[in-house]
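Thanks for coming, everyone. I'll put the structure up and then walk through some helix packing and a few loops.

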Amino acid sequence: MEGVIYKTLSSAEAKELNIQTQGPKESEAFVSAFLKRCLPGLREEVIQERLNRKAVILEHSVKQKKKQKRKRRKGLSAKEKRQLRLFEIKAEQQRYNLFLPLHNLWKQYIRDLCNGLRADTQPQMIQTKLLKADLHGSLVTVKKSKCPSYVGLSGIIVQETKHIFKIITKDDKLKAVPKCNTVFSVEVDDFISYIYGSRFQLRSSERSAKKFKMKGSIDL
Amino acid sequence: MTGHVKDKEAFQRLSFLYQAAHCVLAQNPENVELARFYCHTQKTISKRLVLRQDPSVKRTICKRCYSLLLPGITATVRQRRHYGQRRTVVRCLSCGLTKRFLNNPNYKLWSEQPEALLENQPKPEQNTIVQQNQQKEKKKAKPDTK
Ligand SMILES: [Zn+2]
């Protein structure tokens, strides 16, 4: 069968079909010219290489994906943030005196928030304002705690995290006080409000958006 | 005075945090972490409550590490020429991120343009109400024709 297909046409048959037979050289020239026309952009050597029969492996090959270029990001991932220790303050560098201006700034801020503190302002109003106010820089005292060694500690809040107040005391010591099971008192111009730490276990940025429930039992 | 501003307390808090960061850095320039913490808190609050910050504030906070960019303390400010344009390049000293600002005296921020003011903005509410009424009338008119 194959022999019949690939056999060159005999001159008699060619005459019958009105076809000119081609010699091997002519056909080769024709093929190369044809390929050149059909595959523009490829060099001659490449075309010749393609013409050489190569074994084709019939196998499923997984295309290797090119490694995608990492997107240029400006921000840091949470892991990188942790590794860089962006927010960890060095305890040795902190001194109480350095935070007095911050405390004064905070007092101004609270006065501004409550439209000026006067003796006749309602403590209720101050409390609701304080709930959403920022506590960095406020002077607090630990009033009650499950752990007795915290009681009586007073200082300026330097950092507020989800579960901890970092407080700098007058003798230049940075204390981390857990909010859980602790009652703090905040003093603003003779007004004293109490903060129940167990209810305050939020990041300070989350507090401004949260709605607090008025009722609910508080136990230490 | 300006009228009632929504989220006034939150704005006051943002302003306090920004000032606190400045205050802390002014007292102890080594205390970058704490200033960064305040700026980060400020940014998360403004994100949470969708409060826009003024460009002057945004331009002084690093986008990557949130530190407060003060020229000479936590950032370097240089004038560079790039393709014939002069630009101000602010580089954060703790993470190395740069901000580039073209020196274009004619450039105006949105907040500096007169249209940005609330009084100058067209009031679209009245038009929409009129349109709604028209649609209602059309709907009423349709059953009559049937
Ligand atoms: Zn940075």
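**Helix packing and loop residues**

Start where H6(A) meets H1(B): on the H6(A) side, the residues are Pro101(A), Leu102(A), Leu105(A), Trp106(A), Tyr109(A), Asp112(A) and Leu113(A). On the H1(B) side they are Glu9(B), Gln12(B), Arg13(B), Phe16(B), Gln19(B), Ala20(B), Cys23(B), Val24(B) and Gln27(B). Contact here means heavy atoms within 4.5 Å. By class, this contact has 10 nonpolar, 3 polar and 3 charged residues. For those classes, Ala, Val, Leu, Ile, Met, Phe, Trp, Tyr, Cys and Pro count as nonpolar, Asp, Glu, Lys and Arg as charged, and the others, Gly among them, as polar.

Before going on, the ground rules. This is a predicted model, where local features need pLDDT of at least 70, side-chain atom pairs count only at pLDDT 80 or more, and totals for chains, interfaces and linings use all residues. Residues are numbered from 1 along each chain as its sequence is written, chains are lettered from A and ligands numbered from 1 in the order in which they are written, and side-chain values use heavy atoms, with hydrogens and water left out.

Now the geometry. H6(A) covers residues 100-113, and H6(A) and H1(B) pack at an angle of about 165°, with their axes 9 Å apart. Axes are lines fitted to C-alpha atoms, for helices over the stretch in contact, and angles run from 0 to 180 degrees between N-to-C directions. The angle makes H6(A) roughly antiparallel to H1(B); the cut-offs are under 35 degrees for roughly parallel, over 145 for roughly antiparallel, 65 to 115 for roughly perpendicular, and oblique for the rest. H6(A) passes H1(B) in a right-handed crossing. A crossing is right-handed if the near helix is turned clockwise from the far one by less than a right angle, and left-handed if anticlockwise.

Next, chain B. How do H1(B) and H2(B) pack? H1 spans residues 8-27 and H2 residues 32-48; their angle is about 170°, and their axes are 8 Å apart. So H1(B) is roughly antiparallel to H2(B). H1(B) passes H2(B) in a left-handed crossing. Residues in this contact include Leu14(B), Leu17(B) and Ala21(B) of H1(B), and Ala35(B), Tyr38(B) and Ile45(B) of H2(B). The split is 13 nonpolar, 3 polar and 1 charged.

After H2 comes a loop, leading to H3 (55-58) of chain B, and Val50(B) is found there. Val50(B) is not a glycine, yet its phi is positive, about 50°. Is Val50(B) buried or exposed? Exposed, with a relative accessible area of 66%. The cut-offs: buried is under 20%, exposed over 50%, partly exposed in between, with a 1.4 Å probe and protein chains only.

Leu51(B) lies in the loop between H2 and H3 of chain B too. Leu51(B) is buried, at 9% relative accessible area. Leu51(B) touches Asp7(B), Ala10(B), Phe11(B), Leu14(B) and Ser46(B), not counting residues up to four places away in sequence. Leu51(B) and Leu14(B) are 37 residues apart along the chain, and their C-alpha atoms are separated by 9.5 Å.

Over to chain A. It has 8 helices and 6 strands. Those are DSSP runs, numbered from the N terminus: helices are H or I with at least four residues, strands are E with at least two. Along the sequence the pattern is α-α-α-α-α-α-α-β-β-β-β-β-β-α. Chain A has 220 residues, and 29% of them count as buried.

Look at the loop between H7 (123-132) and E1 (139-145) of chain A, which holds His136(A). Asp134(A) is in the loop between H7 and E1 as well. His136(A) is buried, at 0% relative accessible area. Asp134(A) is buried, at 0%. What joins the side chains of His136(A) and Asp134(A)? A polar contact of 2.7 Å. A polar contact is a pair of N or O atoms within 3.5 Å; within protein, one must be able to donate a hydrogen and the other to accept it, and residues adjacent in sequence count only if both atoms are side-chain atoms. The His136(A) side chain also reaches the backbone nitrogen of Glu160(A), at 3.2 Å.

Both residues touch chain B. Leaving out residues up to four places away in sequence, the neighbours of His136(A) include Phe16(B), Leu17(B), Phe37(B) and Tyr38(B). With that same exclusion, Asp134(A) touches Trp106(A), Tyr109(A), Arg13(B), Phe16(B) and Leu17(B).

Last stop: Asn181(A), in the loop between E4 (174-178) and E5 (182-188) of chain A. Its phi is positive, near 60°, in a residue other than glycine. Asn181(A) is partly exposed, at 22% relative accessible area.
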